[in-house]
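Here are a few exercises to work through at your own pace. Keep a viewer open, try each task, and then compare your steps with the solution.

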Amino acid sequence: MREILERVRKSIGLQAWMTILICIVLVVSLALTGVFAGNYTTHQTREHQADKVMSIARSVSWSEAVQESLHNEEADEHVQAYTRTVQEDTEVEYIVVMNMEGLRFSHPVQDRIGEYFVGNDESRAFTGESYTSIAEGTLGESLRAFVPVWSGDEQLGVVSVGILIDNIEEEVLESQSVVFFGTLMGLLVGLLGALALAQRVKQTMHGLEPQEIAQLVKERDAMLASVREGIIAVNDKGEVVVANEEAKEYFQRAGFMKDPIGEQIDTFLPELGMKNIIDNEKGEYDREETLGSIDIIISRVPVITDKKIVGAVATFREKTELTTLIDQLTDAKTYAETLRVHTHEFMNRLHVMSAMVHTESYEELKEYIDQISKNYQKEIGSVSRLVKDPVLAGYILNKMSQLREEGVTVDLKGEYPLPDLKDSEQMDGLITIIGNLSENAYEAVKNQEEKKVTFTVNYEEGYFYFKVQDNGHGIDPSDKDYIFEKGRSGKGQNRGYGLYLTKRALDNVNGSVEVISEKEEGTTFAVKVPYKGEEV
């Protein structure tokens with residue numbers, strides 16, 4: 001049963017739910033109001049009728065004709081005519097004048113004049129009391145008013161004025177019908193208002209259901225958390241409404257420790273220039289700005305809905321990170337160019353060998369091949385012997401060539417060859433690790449008189465062991481615990497991203513790194529990475 005109700009609840013849209021709930025509230029509130037109003041109206045109607053008959057009875061008791069008739073103890077025709085006229089004018093059921101013995105001097109039915117009053121509720125009136133009561137009389141059940149007739153201090157008789165209960169109930173029903181009609185009209189107007197409100201809310205939410213909105217919010221939060229760029233959004237008043245974790249991290253590094261949400265952007269971070277975007281309604285892309293001490297590349301665009309600007313969004317990233325990415329792309333391009341050059345050189349050598357074969361210069365051909373073989377063993381053979389994966393081998397060979405071009409003595413060591421890589425998704429991470437550690441080693445030795453870097457490659461029990469050793473000045477012991485932090489470097493501002501990216505790449509491939517460094521002796525980075533490779 002519970003599952004059925006849950007299924008029904010999910011199948012009903014927001015507009016239907018709002019209409020149903022508002023109608024329920026309206027029905028309950030109007031029903032309660034109708035009940036209270038009906039009861040009040042009934043009470044007021046009965047009170048009004050009681051006051052009416054009491055007022056009429058008092059007026060009749062003050063009549064000189066009535067007093068004179070009772071004083072003379074004679075049922076005068078003038079009294080009957082007078083009471084009938086008053087009865088017709090006031091639309092009461094009867095007016096009865098009786099003496100102190102209860103004999104009627106007037107009555108709507110002529111034949112009952114001179115008879116005793118019926119009802120058994122008149123006795124209090126003969127003691128001088130005025131009151132109303134409900135009793136069964138000769139004309140039926142009625143609401144009666146009793147008023148004594150006085151002549152000075154002497155009571156001469158009693159006047160009774162009555163209205164049938166049936167007539168009172170008719171008037172009550174008539175007054176309640178007005179309340180019912182008003183309640184019905186209120187319900188109808190409320191229903192139309194509920195439909196209009198539900199439709200308006202639905203349009204405001206672009207036709208989405210609450211669960212769809214909740215899903216979009218979750219997806220938005222996930223996207224904001226997953227991107228590496230800082231993202232900040234402001235409303236049309238310049239108040240910060242969105243800032244992802246990456247943006248908050250940038251702000252903290254720049255010295256802005258407050259939570260930016262709710263802050264005025266032109267006072268909190270005027271460097272971002274968001275207010276100008278709102279005022280000018282024009283986007284700006286890939287602009288270089290300074291956030292505290294951090295150089296950033298920022299793009300800012302206005303947010304326009306229904307041809308009205310409702311805010312602005314900015315995405316930004318540290319300039320040095322982009323520079324590092326460009327350097328990595330440059331390495332890849334250089335690697336491709338190196339392969340192209342080697343291919344061209346290889347083709348030239350093939351042409352030379354082909355010519356020697358055609359000219360039957362076999363001795364010269366043998367010497368030429370021996371020379372090529374020696375160079376191959378020296379430059380390429382050592383790499384291909386230890387690294388069987390062609391991409392990694394080419395990349396390591398390229399890094400070694402770059403270091404040699406900068407005057408660095410490069411050695412490659414190893415005992416256990418690295419096989420072809422099965423998992424190609426690891427390749428980007430491995431290239432990032434090798435490239436950044438190579439660049440870090442060059443930075444460490446570039447000012448040394450004798451520049452030396454040693455690479456060690458080994459593969460054991462499913463792990464790739466890669467070691468880079470330099471003869472630089474070493475790492476200050478106080479900096480050793482912070483070298484992998486973003487932006488931490490002893491090489492100046494806007495540095496310190498190579499090792500940060502190396503550590504992040506190691507985390508992505510579940511690798512580890514050990515750092516061994518002695519002052520003025522050099523530094524060794526020893527990396528251990530899980531490696532899915534073909535058996536050698």
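The exercises below deal with a predicted model, and each one comes with a worked solution.

**Exercise 1. Strand pairing**

Task: Find the strands that pair with S9 and work out the sense of each pairing.

Solution:
- Step 1. Begin with strand S5, residues 230-235, and strand S9, residues 308-318; they pair in the antiparallel sense, with 6 bridges.
- Step 2. For a contact to look up in this pairing, take Gly230, which stands opposite Phe316 in S9.
- Step 3. Turn to strand S8, residues 294-305; S8 and S9 also pair in the antiparallel sense, over 10 bridges.
- Step 4. Here you can check Ile297, whose bridge partner in S9 is Arg317.
- Step 5. Finally, look at the link between S8 and S9: the two form a hairpin with 2 residues between them. In that turn, Asp306 has a positive phi of about 55°.

**Exercise 2. One side of a helix**

Task: List the buried residues of helix H7 and decide how they are arranged around the axis.

Solution:
- Step 1. Helix H7 spans residues 245-253, and its buried residues are Glu246, Ala247, Tyr250 and Phe251.
- Step 2. These residues cover an arc of only 140° around the axis, so they lie on the same side of H7.
- Step 3. The spacing fits a general rule: an α-helix has 3.6 residues a turn, so residues three or four places apart point the same way.
- Step 4. Follow the chain to the point just after H7, where Gly255 takes a positive phi of about 100°.

**Exercise 3. A cavity and its lining**

Task: Describe the second largest cavity, from its volume to the character of its lining.

Solution:
- Step 1. Counting cavities of 30 Å³ or more gives 2.
- Step 2. The second largest cavity holds about 30 Å³ of space.
- Step 3. Its lining is made up of Leu430, Ile433, Ile434, Phe464, Phe466, Val527 and Val529.
- Step 4. Assign these to elements: helix H13 (427-445), strand S12 (463-470) and strand S14 (522-530) each supply at least two lining residues. H13 gives the largest share, 3 residues.
- Step 5. Sort the lining by type: 7 residues are nonpolar, with no polar and no charged ones.

**Exercise 4. Rings in the lining**

Task: Two Phe residues, Phe464 and Phe466, belong to the lining you have just listed; work out how their rings are placed.

Solution:
- Step 1. The structure holds 10 aromatic pairs.
- Step 2. One of them joins Phe464 and Phe466, at 5.9 Å centre to centre and with 40° between the planes.
- Step 3. Planes under 30 degrees apart would count as stacked and over 60 as edge-to-face, so this pair is tilted.
- Step 4. Both Phe464 and Phe466 are buried.
- Step 5. Widen the view: Phe455, Tyr459, Phe464, Phe466 and Tyr531 form one aromatic cluster.

**Exercise 5. Positive phi outside glycine**

Task: Locate Glu91 and Asn510, and decide whether each is buried or exposed.

Solution:
- Step 1. Glu91 is not a glycine, yet has a positive phi of about 60°.
- Step 2. Glu91 sits in the loop between helix H4 (77-90) and strand S1 (94-99).
- Step 3. The cut-off for exposed is over 50%, so Glu91, at 66% relative accessibility, counts as exposed.
- Step 4. Asn510, not a glycine either, has a positive phi of about 60°.
- Step 5. Asn510 lies in the loop between helix H14 (498-508) and strand S13 (512-518), and its relative accessibility of 62% makes it exposed too.

Terms used:
Residues are numbered from 1 along each chain as its sequence is written. This is a predicted model: local features need pLDDT of at least 70, side-chain atom pairs count only at pLDDT 80 or more; totals for chains, interfaces and linings use all residues. Side-chain values use heavy atoms; hydrogens and water are left out. Two strands pair if DSSP finds at least two bridges between them. Helices (H or I, at least four residues) and strands (E, at least two) are DSSP runs, numbered from the N terminus. On a 1 Å grid over the protein atoms alone, a cavity is a set of points where a 1.4 Å probe fits but cannot get out, and a pocket is an open set with protein on both sides within 12 Å along at least five of seven lines; lining residues have an atom within 4 Å of a point. Grid points are joined across faces, edges and corners, and a volume is the space filled by probe spheres set on the points. Ala, Val, Leu, Ile, Met, Phe, Trp, Tyr, Cys and Pro count as nonpolar, Asp, Glu, Lys and Arg as charged, and the others, Gly among them, as polar. Buried means under 20% relative accessible area, exposed over 50%, partly exposed in between (1.4 Å probe, protein chains only). The arc is that of the directions from the helix axis to the C-beta atoms. Rings of Phe, Tyr and Trp (its six-membered ring) pair if their centres lie within 6.5 Å; planes under 30 degrees apart count as stacked, over 60 as edge-to-face and the rest as tilted.
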